Amino acid sequence: MAHIFDTLFHEIGHAIFGWMFGFPCIPSLITPGGNHGITLFWDRSMLLQMLSIGIMLYYGYWLRHYRAVWASDFFYIFTGIIVLIAFTDYHKQIIDYMGHGFCLIIGVYFLFKAIFNYHMRHETERFVIGFLGYLLLFGNIKFGAMLFFSHDAHILYMYEEKTMGIENDFFKSAADIGPF
């Protein structure tokens, strides 16, 4: 069950950043092997890119209007970084990284909600949100550490890519960066 939530947030992370960079996309949990999710991307649209930047700028204005100045400033800086990255080739790497990155962000947010009892209606909700936050955060940290330190995990990750025809995030990013 936890793998489903991890895959869901992973693919939503790709999709959110895909839309921010002007790629219409749909996250999906269904793949032929049944183990993985996939985000379906279409061609980049500069009109969609400008629309997403406009929405982010309007949201920053809306936050400032409701006296959340620190959040508004953060959102304006975030939008500026997105604009700078959008016109380079690094936007592809950001989209690839933000599958796992979004899981980490949501995991930290869920743990924060559970630890500080933030907007919880029932004690069971606190346990479930805390458990999911723990699995999302530490599951992705463990996965990254396994790929970095374990040769066997690295080989298995490569095997999945070759046999299922799925381009794994970290290998796409490594191919974009190139050899050191």
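A residue counts as buried when its relative accessible area is under 20%, as exposed when it is over 50%, and as partly exposed in between, using a 1.4 Å probe and protein chains only. By that yardstick, 36% of the 180 residues in this protein chain are buried. Keep in mind that this is a predicted model: local features need pLDDT of at least 70, side-chain atom pairs count only at pLDDT 80 or more, and totals for chains, interfaces and linings use all residues. Residues are numbered from 1 along each chain as its sequence is written, and side-chain values use heavy atoms, with hydrogens and water left out.

**The overall layout**
- The protein chain has seven helices and two strands; these are DSSP runs numbered from the N terminus, with helices being H or I runs of at least four residues and strands E runs of at least two.
- If you walk along the sequence, the pattern reads α-β-β-α-α-α-α-α-α.
- Take the contacts (heavy atoms within 4.5 Å) in the protein chain with a separation of 6 or more: 52% of them join residues 24 or more positions apart.

**The nonpolar cores**
- A nonpolar core is a set of buried Ala, Val, Leu, Ile, Met, Phe, Trp, Tyr and Cys residues joined through side-chain atoms within 4.5 Å.
- The largest one here has 14 residues, and F17, M20, F21, M56, L63, I82 and I95 are those with the most contacts inside it.
- Helix 1 (2-20), helix 2 (46-65), helix 3 (69-86) and helix 4 (90-115) each chip in at least two residues, with helix 3 giving the largest share, four residues.
- Zoom in on M20: setting aside neighbours within four places in sequence, M20 is in contact with Q49, S52, M56, F78 and I82.
- There's also a second, separate core of nine residues, C103, I106, F110 and L136 among them.

**A pocket with a nonpolar lining**
- Rolling a probe the size of a water molecule over the atoms shows where empty space is left.
- On a 1 Å grid over the protein atoms alone, a pocket is an open set of points where a 1.4 Å probe fits, with protein on both sides within 12 Å along at least five of seven lines; lining residues have an atom within 4 Å of a point.
- The second largest pocket is lined by I16, F17, M20, F74, F75, F78, M98, F102 and I105.
- Helix 1, helix 3 and helix 4 each supply at least two residues of that lining.
- Sorted by class, the lining has nine nonpolar, no polar and no charged residues; Ala, Val, Leu, Ile, Met, Phe, Trp, Tyr, Cys and Pro count as nonpolar, Asp, Glu, Lys and Arg as charged, and the others, Gly among them, as polar.

**Salt bridges**
- The count is two salt bridges, each being a side-chain nitrogen of Lys or Arg within 4 Å of a carboxyl oxygen of Asp or Glu.
- One pairs D73 with R64, with the closest N and O atoms 2.1 Å apart; D73 is partly exposed at 32% relative accessible area, and R64 is partly exposed at 35%.
- The other joins E123 and R126 at 3.7 Å, N to O. These two are about one helical turn apart, because they sit three residues from each other in helix 5 (residues 123-149).
- E123 is exposed at 53%, whereas R126 is partly exposed at 26%.

**A buried histidine**
- H14 is found in helix 1 and is buried, with a relative accessible area of 5%.
- Not counting residues up to four places away in sequence, H14 touches T39, F41, I95, D96, M98, G99 and D169.
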